[in-house]
Amino acid sequence: MRPAHRTLLALAAACTLTATTGAAASAGSGPPAAPPRASGAGPLDGMRILISNDDGMQAARPNHSDGLGAYEMRRALCTAGADVVVMAPWQVQSGRGTAVTNHGVLTVQQRERMPAGYENDCAGAPSGAPVFGVCLADGPCGPDSPSATPADTVKLALRGGLAAKAGWNDAPDLVVTGINSGLNVSSSVNDSGTVGAAIAATDIGVPAVAFSASANADMSAHPVENYRATAAFGAKFLAGLKDRLLFTDKFALKIDYPDISAGAKAGPPVWTRVGSGAYAYHGYVRNDGGNGFTIALGDCASANPGSTECVEGRPDADSTAALGGAVSVTPITSDRTYGTAIDGKKELKKTEQYVKKSAPRS
């Protein structure tokens, strides 16, 4: 952890946060007492993990595109022995990248009832494994409340939110973002709020891993099977990093899990780079010759057939691995300086060797 990180958390503890019910916290009320660390026999025993995402925390859509992956990851991490807190956008914030909100009030509101089937997943967690949604409102979050961005939720959590709402006065050991509904590969990585939230964590000095799961074959839905396989792999993968002391804030890891919903098994993890071609394609269709343009989002090859923009030029691209059925693991940072010297070479090499030789196989 960077030395400045604890100072930032100490300063942030003085910030006023909105109470769970949405009403302002009273001046005499303090943060909850810090819960003890988890004590069990799981491979992630003793770890405190913050979960966020860009899909929100509602988990209400029939196609599972609005946060169900976070609940699958929460379940897997609790089962592995971790203490978990979810602090995620109130609404879907897909495509928001590293965007932050620069003014207003963020309300942190606890979910009272978990989605059906996820009610007792973390009954033994010291913190109770609460799930919070964060909206942009000076009062309770409602059905139409605008949402905090993914990066907002992580910055808020690490700069006072976890201390005030969960009693975690020290930084968590790890930030996990996702599981995202759909792959975050190639040029889509720059747009991804799942990746942006992970980058926000490493910028503050906390290790982070971003998880994304493929949609089904025709991209019409996001099967629970894909989320569940990603979560099971993720818990084992993180346990391996923990055992080898490989958690670092010098870079984040981006993991993209392939579609296994039709019965195929995921291929072994592959160490990859962010692809140079386009995967998701944003098209704009003019409305009847007027000033409006309807946004049309689709996969690049289908939406823009024959375009060189869609062609992948890197043999070790994340898209090539994940779309080919393997688990893609990619190191990422927020440093966009072209040709900059690589920091953390030792950690990077050890992590690459772990992925290639020892990471779990599905």
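These notebook entries record what I looked up in a predicted model.

**Entry 1: disulfides**

I began with the cysteines. A disulfide is a covalent bond between the sulfur atoms of two cysteines. How many disulfides does a search of the whole structure find? I noted 3. Numbering the bonded cysteines in sequence order, I wrote the pairing down as 1-2, 3-4, 5-6.

I then took Cys78 and Cys122, whose sulfur atoms lie 2.0 Å apart in a disulfide. Distant parts of the chain are linked by this pair, with the two positions 44 residues apart. I located Cys78 in helix 2 (residues 68-79), and Cys122 in the loop between strand 3 (106-110) and strand 4 (131-136). The torsion about the S-S bond is about 100°, so I recorded this disulfide as right-handed. I also asked whether Cys78 is buried or exposed. Cys78 has a relative accessible area of 14%, and because buried means under 20%, I entered Cys78 as buried. Cys122 is likewise listed as buried, at 5% relative accessibility.

Next I turned to Cys135 and Cys141, which a disulfide joins with an S to S distance of 2.1 Å. The value about the S-S bond is -90°, and the link is left-handed. Cys135 has a relative accessible area of 0% and is buried; Cys141, at 8%, counts as buried.

I finished with Cys300 and Cys310, joined by a disulfide at 2.0 Å from S to S. This link is left-handed, with -70° about the S-S bond. Where do the two cysteines lie? I found Cys300 in helix 7 (residues 300-303) and Cys310 in the loop between helix 7 and helix 8 (318-323), so the pair ties together parts that are 10 residues apart in sequence. Cys300 is buried at a relative accessible area of 1%, and Cys310 is buried at 18%.

**Entry 2: strand 7**

I moved on to strand 7 (residues 252-257) and asked how many of its residues are buried. The count is 6 of the 6, so strand 7 is largely enclosed by the rest of the structure. I checked its two faces separately, and both are covered. Ala252, Lys254 and Asp256 are buried on one side, and Leu253, Ile255 and Tyr257 are buried on the other.

Which strands pair with strand 7? I noted strand 6 (residues 208-213), which pairs with strand 7 in the parallel sense over 5 bridges. Within this pairing, Phe211 has Ile255 as its bridge partner in strand 7. I followed the chain from strand 6 through helix 6 (residues 224-243) to strand 7, and recorded this β-α-β crossover as left-handed. I also noted strand 11 (residues 326-332), which runs antiparallel to strand 7 and is joined to it by 5 bridges. There, Ile332 in strand 11 is the bridge partner of Ala252.

**Entry 3: helix 6 and the nonpolar cores**

I looked up Val224, which has its place in helix 6. Val224 counts as partly exposed, at 22% relative accessibility. Setting aside residues up to four places away in sequence, I listed its contacts as His64, Leu68, Glu72 and Tyr118. I also noted that the C-alpha atoms of Val224 and Ala213 are separated by 9.8 Å, with the two residues 11 residues apart along the chain.

I then examined the largest nonpolar core, which has 56 residues. The residues with the most contacts inside it are Leu44, Leu77, Val176, Phe237 and Leu238. Which helix gives the most to this core? I entered helix 6, with 9 residues. For Val176, I listed the contacts beyond its neighbours within four places in sequence; among them are Ile49, Leu50, Ile51, Met73, Leu77, Val209, Phe211 and Leu238. Apart from the largest core lies another, of 30 residues, including Val85, Val108, Val195 and Ala208.

**Entry 4: Glu352**

My last look was at Glu352, found in helix 9 (residues 345-358). Is Glu352 buried or exposed? I recorded Glu352 as buried, with a relative accessible area of 14%. With which side chain does the side chain of Glu352 make a polar contact? I identified the side chain of Lys356, at 2.6 Å.

Methods. Residues numbered from 1 in each chain as written. Predicted model: local features only at pLDDT ≥ 70, side-chain atom pairs only at ≥ 80, totals over all residues. Heavy atoms only, no water. Disulfide = S-S within 2.5 Å. Helix = DSSP H or I, 4+ residues; strand = E, 2+ residues; numbered from the N terminus. Buried < 20%, exposed > 50% of the residue type's maximum accessible area, 1.4 Å probe, protein only. Pairing = 2+ DSSP bridges. Right-handed = clockwise from strand over helix to strand, strands pointing away. Contact = heavy atoms within 4.5 Å. Core = buried A, V, L, I, M, F, W, Y, C linked by side-chain atoms within 4.5 Å. Polar contact = N/O pair within 3.5 Å; in protein donor to acceptor, adjacent residues only side chain to side chain.
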